[in-house]
Amino acid sequence: MATFSSANPWIAILKGLWVSIRHFFGNLGLFLRGRQDFAIHFPEQRLVQPPALRGMPVLAQMADGKERCVACGLCEWACPTSCITIYPAETADEVERYPEIFDIDMSRCMFCGLCEEACPEEAIIMSRQIEIASYSRRGSLWHKADLLVPVNQLKTRTDYLRRNYER
Amino acid sequence: MSNPVKTVKVTVDNQVIEAPEGATLLQAMLDAGLDIPHYCYHPKLSIDGSCRLCQVKIDGMPKLQISCNTQVRDGMVVHVADPEVEMTRKGVLELLLLNHPLDCPICDKAGECWLQNFSMRFGARHARTIDTRRKRGKRLDIGEQILLDQERCILCRRCVRFCREISKSNELFIFGNGDQSVLDIYDQRLDNDYSMNVADVCPVGALETKDFHHRMRVWFLEDTASVCPSCSNGCNIMISSARGKIWRLTPRRNDAVNDTWMCDAGRLNYKFVGDPARLRAPMVAGEGGPAEAGWDEALKRAAGAIADFVKRNGARTLGAIASPHLTNEENFRFGEMLRAIGAGRIAMAVPRGRQDDLLIKAEKAANARGVRELGLVSGEDDGLEAMLRACEADEIRGLYVCGGDLLEIGQKERVDAILGKLDLLIVQDLTMRPRHGRAAVTLPATTFAEKEGTFTNHAGRVQRIGRAIATPPGWRTDGEIFTALMNELSDRTEQFELAAVWAAMTRDGSRFAGVAFDSIGPEGAPVAGA
Ligand code: SF4
Ligand code: SF4
Ligand code: SF4
Ligand code: SF4
Ligand code: FES
């Protein structure tokens with residue numbers, strides 16, 4: 001957080017500009033030494049993503065196939081774009097409630113991760129999935145069944161969370 | 001009245017507050033707007049002194065005192081912002097949380113829970129216990145409407161006192177002592193006409209209504225102050241809505257009407273607002289039976305049918321049934337419309353049912369008294385028998401019927417026969433009922449939750465209702481329907497604007513005279529003579 005807390009805004013702006021300037025001259029140097037191609041050829045070529053990456057939010061699925069979410073509605077409340085819609089219902093399981101409907105409108109999600117931070121159950125997790133384009137707006141509306149991902153596939157992120165957040 | 005209550009002065013942390021003599025210190029501090037945490041004290045129940053959270057330091061007393069059971073004295077000096085008081089509160093809250101389950105994510109009370117709120121504001125932020133938490137009964141089905149979670153209970157006995165003192169049915173008790181204490185029912189289930197109030201008095205989520213269980217989080221709810229439409233007592237309520245839907249009704253305090261209570265029947269009677277069977281568009285009679293029509297067309301048809309009828313039979317043969325479910329303003333406009341036409345007779349059908357001596361009244365509609373105060377109807381039965389006779393004798397050949405109550409008065413055959421032979425029938429109702437089939441036009445009515453206005457309760461208190469649910473675009477509320485028909489039939493250009501209607505309604509000679517629209521506060525205002 002140190003880089004953002006600079007008291008003088010001009011210094012903060014110059015620090016930001018310095019990044020661009022550094023890359024500009026760095027790449028200029030590479031170009032003068034003969035490099036022609038500066039693009040990453042997605043999807044054949046991919047960057048290695050850092051563990052802090054926040055891809056689309058998904059729902060953690062437990063070994064028994066059920067969601068971990070108890071439909072408490074905190075993520076729904078925390079979400080700044082109001083893209084989560086939950087309708088809770090009762091279950092005979094010990095947890096008492098589960099989301100009968102859990103929808104995320106990915107066309108509105110801005111991958112801020114506030115839902116993940118609000119969740120008391122570690123049930124909504126920012127996955128590493130970033131390829132979520134679709135041909136229709138309807139396709140951007142993800143329902144519970146599409147959002148469920150087994151917990152063990154989310155380990156990179158949950159480890160990162162436990163390391164970096166006070167839980 | 002002759003002996004006004006003396007007020008005394010109390011100093012709380014250097015602030016001087018006034019309170020009537022004999023008041024409890026806690027109530028005096030709460031009335032002065034001070035934020036004093038407390039659980040077991042409830043203004044409408046006897047004092048229990050069991051939670052120990054309201055303790056304060058009083059000069060001259062050797063130990064901290066519970067403010068809920070201390071009377072104010074003139075010159076009393078009280079300390080609240082005091083390390084000893086703060087430490088005591090922290091201790092009390094820590095003990096309450098010792099065995100509390102971490103149920104907030106699945107607890108209906110979360111967001112309006114006193115244990116959450118006071119723990120966050122006055123408690124310690126971290127638990128120090130390492131022992132396992134006590135297991136108790138969860139989701140216990142203890143009554144028709146209520147679930148009990150014994151783990152969440154903080155043993156404040158508010159619910160016990162409610163059942164003993166208010167509903168007087170004595171279903172709930174605390175069994176065992178010390179940390180083995182547990183709330184439960186004993187020889188009878190929690191089934192009384194007011195049982196759901198225990199979920200309101202419970203400061204935590206130990207008692208929950210089945211109706212609201214796991215349905216909506218309270219932080220999404222928007223509250224609209226209103227009045228219960230289900231009987232003439234006119235209990236003050238909050239309508240809690242979200243996503244265009246009502247999720248629950250809860251009582252709103254009004255010491256002149258319902259204290260802090262309401263009956264279960266009233267609380268549960270909101271589902272008709274979102275009933276999919278409700279009329280969504282006007283229906284006009286056609287070749288193959290009633291068919292949907294646009295508002296403007298339907299209103300033109302209705303006005304045309306009335307005009308035709310009057311030309312053929314004379315205005316005096318037109319009768320009207322006023323509705324005790326509509327507001328004072330709407331009924332006033334209804335009267336104006338009927339006068340403009342020159343209609344012959346008005347009556348009112350009021351559904352009736354059981355009553356008791358706490359809140360529940362026999363008249364199962366909110367505004368019967370309002371219709372009477374407006375002078376629209378008179379007589380023991382609001383002119384109904386005379387109206388039915390006049391219809392049978394063909395003196396009345398056309399009826400404008402507001403609401404479906406005529407079909408509920410228990411004279412099915414008779415009403416059927418009458419509706420069957422009328423020359424003109426115009427109906428305004430929430431749903432299309434089979435017997436509306438003969439109506440030239442059936443206009444959709446609007447529920448109490450979708451409009452503003454006032455009701456007059458059985459004792460003559462005028463109280464405002466609020467709009468919690470939006471109506472579809474182009475919709476006409478009942479008052480707007482009457483206004484449109486009146487304009488069409490008598491070449492006027494009136495609007496249905498509440499303040500203006502109210503002003504016309506309170507002109508000299510009216511029973512409502514002297515009550516200014518803006519003077520009707522959250523607790524209502526009595527009509528002259530009431
Ligand atoms: S990542 Fe942010 S925008 Fe997306 S669902 Fe979560 S809270 Fe909402
Ligand atoms: S915050 Fe977590 S547990 Fe609560 S509704 Fe969202 S995903 Fe479910
Ligand atoms: S159930 Fe609620 S109201 Fe009753 S004693 Fe327990 S905490 Fe108090
Ligand atoms: S007593 Fe009457 S007004 Fe009060 S809640 Fe019950 S039905 Fe409504
Ligand atoms: S409120 Fe005073 S002891 Fe509970």
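Counting enclosed spaces in this predicted model gives 7 cavities of 30 Å³ or more. A cavity here is a set of points, on a 1 Å grid over the protein atoms alone, where a 1.4 Å probe fits but cannot get out. Grid points are joined across faces, edges and corners, and a volume is the space filled by probe spheres set on the points. Rolling a probe the size of a water molecule over the atoms shows where empty space is left. As for ground rules, residues are numbered from 1 along each chain as its sequence is written, chains are lettered from A and ligands numbered from 1 in the order in which they are written, and side-chain values use heavy atoms, with hydrogens and water left out. Local features need pLDDT of at least 70, side-chain atom pairs count only at pLDDT 80 or more, and totals for chains, interfaces and linings use all residues.

The largest cavity comes out at about 90 Å³. Its lining (residues with an atom within 4 Å of a point) runs to 15 residues, and nearest the centre sit A:Cys69, A:Cys72, A:Cys75, A:Cys119 and A:Ala123. Sorted by class, that lining holds 13 nonpolar residues, 1 polar and 1 charged. For this sorting, Ala, Val, Leu, Ile, Met, Phe, Trp, Tyr, Cys and Pro go down as nonpolar, Asp, Glu, Lys and Arg as charged, and the others, Gly among them, as polar.

Next come the pockets, each an open set of points with protein on both sides within 12 Å along at least five of seven lines. The largest pocket has about 1500 Å³ of space. It is lined by 42 residues, with A:Pro120, B:Leu102, B:Cys104, B:Met120 and B:Arg125 closest to its centre. At least two lining residues apiece come from helix H3 (114-118) of chain A and from helices H2 (83-97) and H3 (114-122) of chain B. Helices (H or I, at least four residues) and strands (E, at least two) are DSSP runs, numbered from the N terminus. The lining of this pocket splits into 22 nonpolar, 7 polar and 13 charged residues.

The second largest pocket offers about 1000 Å³. Of its 35 lining residues, B:Lys109, B:Trp114, B:Asp200, B:Val201 and B:Pro251 lie nearest the centre. Two or more lining residues are given by each of helix H1 (25-31), helix H5 (197-201), strand S10 (207-209) and strand S13 (245-251) of chain B. By class, the lining of the second largest pocket has 16 nonpolar, 7 polar and 12 charged residues.

Chain B also has some helix pairs worth a look. Two of the elements that line the largest pocket, H2(B) and H3(B), pack at about 140° with their axes 10 Å apart. Axes are lines fitted to C-alpha atoms, for helices over the stretch in contact, and angles run from 0 to 180 degrees between N-to-C directions. That angle makes H2(B) oblique to H3(B); angles under 35 degrees count as roughly parallel, over 145 as roughly antiparallel, 65 to 115 as roughly perpendicular and the rest as oblique. The crossing is left-handed, a label used if the near helix is turned anticlockwise from the far one by less than a right angle, with right-handed used if clockwise. In contact (heavy atoms within 4.5 Å) are B:Arg89, B:Lys90, B:Leu93, B:Leu96 and B:Leu97 of H2(B) with B:Leu115, B:Phe118, B:Ser119 and B:Phe122 of H3(B). These contact residues break down as 6 nonpolar, 1 polar and 2 charged.

Helices H7 (residues 295-313) and H12 (residues 478-490) of chain B meet at about 55°, their axes 10 Å apart, so H7(B) is oblique to H12(B). This crossing is right-handed. Among the H7(B) residues in the contact are B:Trp295, B:Leu299 and B:Lys300, while H12(B) brings residues including B:Ile481, B:Ala484 and B:Glu488. The contact has 10 nonpolar residues, no polar ones and 2 charged.

Chain A has a couple of backbone oddities. Most residues other than glycine have a negative phi, and most peptide bonds are trans. A:Phe42 and A:Pro43 are joined by a cis peptide bond, with omega at about 5°, and A:Pro43 is in the loop between helix H1 (9-32) and strand S1 (57-61). A:Glu96, not a glycine, has a positive phi of about 70°; A:Glu96 lies in the loop between strands S2 (84-90) and S3 (97-105).
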